[in-house]
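This report goes through a protein model by strands, cores and pocket, and it begins with the term on which one of its residues depends.

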Amino acid sequence: VDAFTIDVGLTAVDGSFRTSVRAGQEGRFTFPLVPSERPFTLRAVHRLNRFAVREVSGLTVANGGTLTQDLVLPPVGRVEGRVTLADGTPVSGARVEMVGTTSEGNTLQLPGTDGRFSFFAVQGAPPFGVRASHPTDPSLRRGVAGLTVADGATLTQDLVLRAPGITLPASILVSPGSTRAFDITLSDLAPTGGLTVTLVSDIPGTATVTPSIVIPSGAAAGT
């Protein structure tokens, strides 16, 4: 990480000493005169997001020795996009939330008349999600998971609000006389040509399932 991006702190486990430095060129840092044979913790904090940290505990350095310990910070970037209806109409006042990550700003936004949102200083890994819901019709919503953003980069993720897709009741025979019920739900409309859902049992030899269910294209509700 380049210069002036991270602060690195060094703290003794017993609290007997504490110090900090700012990383220089190429992200390098040095702590001189660290007391030997005393366990300590190194902790680095990203300048753009105080929640993006990396900490390594239980470290010691031998008397007169040198310890090399690299710290790999999570990436911090920007996430932006636009909330619309299926016909392209922007949704003003939609509730847009970041899920499973941190941001130096708010993790909840209400876009204006153009439907646009922008989250800055977002921790870009591990994977996170973003979701939106209509301000007056809670059935219109959209969520996307498994997102990542590289350090210093911008991820554009538009969200098209739709009503939930088809939900089909299903069941699985787990043992003679014992059936377990569950639902199969699509978060969006079925694509052109329909969709085949295949059910696979993880209980070999004891379960029977329907091999496949074909959902017609455009289906939004079913019986």
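## A buried residue in a loop

A residue counts as buried when its relative accessible area is under 20%. The model described here is a predicted one, and in it Asn49 has 0% relative accessibility, so Asn49 counts as buried. Asn49 has its place in the loop between β3 and β4. Leaving aside neighbours within four places in sequence, the residues in contact with Asn49 are Val76, Thr102, Ser103, Glu104, Ala121, Val122 and Gln123.

## The hairpin around that loop

The two strands on either side of this loop form a hairpin, with 6 residues between them. Strand β3 covers residues 40-46 and strand β4 covers residues 53-59; their pairing is antiparallel and runs over 5 bridges. Within this pairing, Leu42 has Val56 of β4 as its bridge partner. Because 6 of the 7 residues of β3 are buried, this strand is largely enclosed by the rest of the structure.

## An open sheet of four strands

Strands of a sheet pair through backbone hydrogen bonds, in either a parallel or an antiparallel sense. In this model, an open sheet of 4 strands follows the order β7-β6-β9-β10, and its pairing is antiparallel. The edges are taken by β7 (108-109) and β10 (141-147), each of which has a single partner strand, so one side of each is left without a neighbour in the sheet.

Strand β6 (residues 95-99) is paired with strand β9 (residues 128-133) in the antiparallel sense, over 5 bridges, and the bridge partner of Val99 in β9 is Gly129.

## Two nonpolar cores

The largest nonpolar core has 19 residues, of which Val83, Val96, Phe128 and Leu159 touch the most other members. At least two residues of this core come from each of β5 (76-85), β6, β8 (116-123), β9, β10 and β12 (159-161). A second core, separate from this one, has 13 residues, including Phe17, Phe40, Val56 and Leu71.

Leaving aside neighbours within four places in sequence, the residues in contact with Val83 include Val96, Phe117, Ala132, Leu159 and Leu161, as well as Thr89 and Pro90.

## The largest pocket

The largest pocket has a volume of about 680 Å³. Its lining is made up of 28 residues, and those lying nearest the centre of the pocket are Phe29, Thr30, Leu67, Thr68 and Gln69. Two or more lining residues are given by β1 (6-12) and by β3. By residue class, the lining of the largest pocket divides into 16 nonpolar, 9 polar and 3 charged residues.

Terms used
Residues are numbered from 1 along each chain as its sequence is written. This is a predicted model: local features need pLDDT of at least 70, side-chain atom pairs count only at pLDDT 80 or more; totals for chains, interfaces and linings use all residues. Side-chain values use heavy atoms; hydrogens and water are left out. Buried means under 20% relative accessible area, exposed over 50%, partly exposed in between (1.4 Å probe, protein chains only). Two strands pair if DSSP finds at least two bridges between them. A nonpolar core is a set of buried Ala, Val, Leu, Ile, Met, Phe, Trp, Tyr and Cys residues joined through side-chain atoms within 4.5 Å. Contact means heavy atoms within 4.5 Å. On a 1 Å grid over the protein atoms alone, a cavity is a set of points where a 1.4 Å probe fits but cannot get out, and a pocket is an open set with protein on both sides within 12 Å along at least five of seven lines; lining residues have an atom within 4 Å of a point. Grid points are joined across faces, edges and corners, and a volume is the space filled by probe spheres set on the points. Ala, Val, Leu, Ile, Met, Phe, Trp, Tyr, Cys and Pro count as nonpolar, Asp, Glu, Lys and Arg as charged, and the others, Gly among them, as polar.
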